[in-house]
Amino acid sequence: MSSRTDVNTLGEFGLISHLTASFKNRQPSTVLGVGDDAAIIATGGDEQLVVSTDMLVEGIHFDLGYTPLKHLGYKAVAVNVSDICAMNARPQQITVSIAISNRFSVETLDELYAGIKAACETYGVDLVGGDTTSSNKGLIISITAIGRAPASRITRRSGAKMGDLICITGHLGSAYLGLQLLEREKQVYLANPDMQPEMKPENKELYAAILRPEARTDMIDLFAKNDIVPTSMIDISDGLASELMHICKASKVGAIIEEGNVPIKQEAQLQALEFNLDPITCALSGGEDYELLFTIDPKDVEKVRFLPNIYISGEIVGKDDGITLHTTGGNIHEVKAQGWNHF
Ligand code: ADP
Ligand code: MG
């Protein structure tokens, strides 16, 4: 009798490895396949292409109860562009595929596409294709982004070395707390539809972080302008802990993170405390901030030290030292994977 294995036994990354392990690349132009933020493809010239795909599913990745469609369109592009940034490349084209149920009108889809268009303008990318089909229930958006960079600038997850500094491009935890606020307001509304949701203006940036994140194309330009090539890089979609583990695994190293040097906005700190959460836990395990996590050779420290919005938050150590958090209180904790479980 054939056996049946639940996908949850493997987890998201275990499942990807299980499904793709037996595939061999046969094209010399395939420089890097599965396993990074984007695949790398040779063009024959000095530049290489990077290609990445992400899918957003209603009810899993977004809730139309509190997500404006225009924001959703913008975010769907931003999260794909973010993966191109994670390779230190410039995004150039996207394709957009949608599956829609008959619940969606032309007007609703116009809203979605207004957001997609706004993001194309922000990031300077062209919409060059896609696919449109029906779904039994809900909305699914799948976007592929294509970027380009000189081969010598493309940055993988696997290049971190002992002694490298760990840097983060912006505040973490805000998106997770924004999501918790929206979920709380939704529950209040469901319990009593006459209650108006309470969206405090002081939490504006937390809502913006989850509903309308930006990809850090500005950082890619800043790196180029200042002649910086990170030794490794990844975008923070699943929380600092999970992304740091990807870099450490791919680079066969360990890491130390200094709690006091992890950037967390004050409004996020305050909101975390109101939810009885530790702010650093929100940064480590909350997702969807879409900042970049990268490592640099210590010889480049003077180049990044005075750049705006770059926080030096830790150091790469040997593999055997594992991944640890040095708390402001002087304790050392092992960092464990607590990323999202999508299944
Ligand atoms: P990210 O979080 O940066 O979007 P993922 O964790 O989604 O990356 O994917 C990790 C790697 O696995 C990427 O190289 C991605 O292209 C690849 N991948 C994910 N799902 C599949 C799949 N079903 N088949 C082949 N490759 C996949
Ligand atoms: Mg990524």
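**Entry 1: β4 and its partners**

I looked up β4 in this predicted model and found that β4 and β6 pair in the antiparallel sense, with nine bridges. Pairing here requires at least two DSSP bridges between two strands. Strands are DSSP runs of E with at least two residues, helices are runs of H or I with at least four, and both are numbered from the N terminus. I noted Ala145 in β6 as the bridge partner of Ile94. With β5, β4 pairs in the parallel sense over eight bridges. There the bridge partner of Val96 is Gly130 in β5.

For the record, numbering starts from 1 along each chain as its sequence is written, chains are lettered from A and ligands numbered from 1 in the order in which they are written. Local features need pLDDT of at least 70 and side-chain atom pairs count only at pLDDT 80 or more, while totals for chains, interfaces and linings use all residues; side-chain values use heavy atoms, with hydrogens and water left out.

**Entry 2: the six-stranded sheet**

I then traced the sheet as a whole: it is open, has six strands in the order β1-β2-β3-β6-β4-β5, and its pairing is mixed. At the edges I found β1 (30-32) and β5 (126-134), each pairing on one side only. Neighbouring strands are turned by 20° against each other on average, direction ignored. Axes are lines fitted to C-alpha atoms, for helices over the stretch in contact, and angles run from 0 to 180 degrees between N-to-C directions.

Helix α3 (residues 106-123) packs on this sheet and touches β4 (90-100), β5 and β6 (140-150). Contact means heavy atoms within 4.5 Å. The direction of α3 makes about 170° with that of β4.

At the β1 edge, two bridges join β1 to β2 (residues 39-42), and the two strands run antiparallel. Leu32 stands opposite Ile40 in β2.

**Entry 3: the seven-stranded sheet**

I found another open sheet, with seven strands in the order β8-β10-β7-β11-β9-β12-β13 and mixed pairing. Its edge strands are β8 (232-235) and β13 (332-334), each paired on one side only. The average turn between neighbouring strands is 25°, direction ignored.

β12 (residues 323-326) and β13 run antiparallel and are joined by three bridges. His326 has Ile332 of β13 as its bridge partner. Helix α2 (residues 69-85) lies across β8 and β10 (292-296), running at about 175° to β8.

**Entry 4: ligand 1**

Which residues are around ligand 1? Counting those with a heavy atom within 4 Å, I listed Glu12, Phe13, Ile16, Thr20, Val34, Gly35, Asp36, Asp37, Asp54, Asp83, Arg157 and Ser237. Helix α1 (residues 11-20) supplies the largest share of this shell, four residues. By class the shell holds three nonpolar, three polar and six charged residues; Gly counts as polar, and Asp, Glu, Lys and Arg count as charged.

I checked polar contacts, meaning pairs of N or O atoms within 3.5 Å. A backbone N or O atom of Gly35 is 2.8 Å from an oxygen atom of ligand 1. Polar side-chain atoms of two residues also lie by ligand oxygen atoms: one of Asp83 at 3.0 Å and one of Arg157 at 3.4 Å. Taken alone, ligand 1 exposes 560 Å², and the protein buries 63% of that; the areas come from the Shrake-Rupley method with a 1.4 Å probe.

Notes: Polar contact = N/O pair within 3.5 Å; in protein donor to acceptor, adjacent residues only side chain to side chain.
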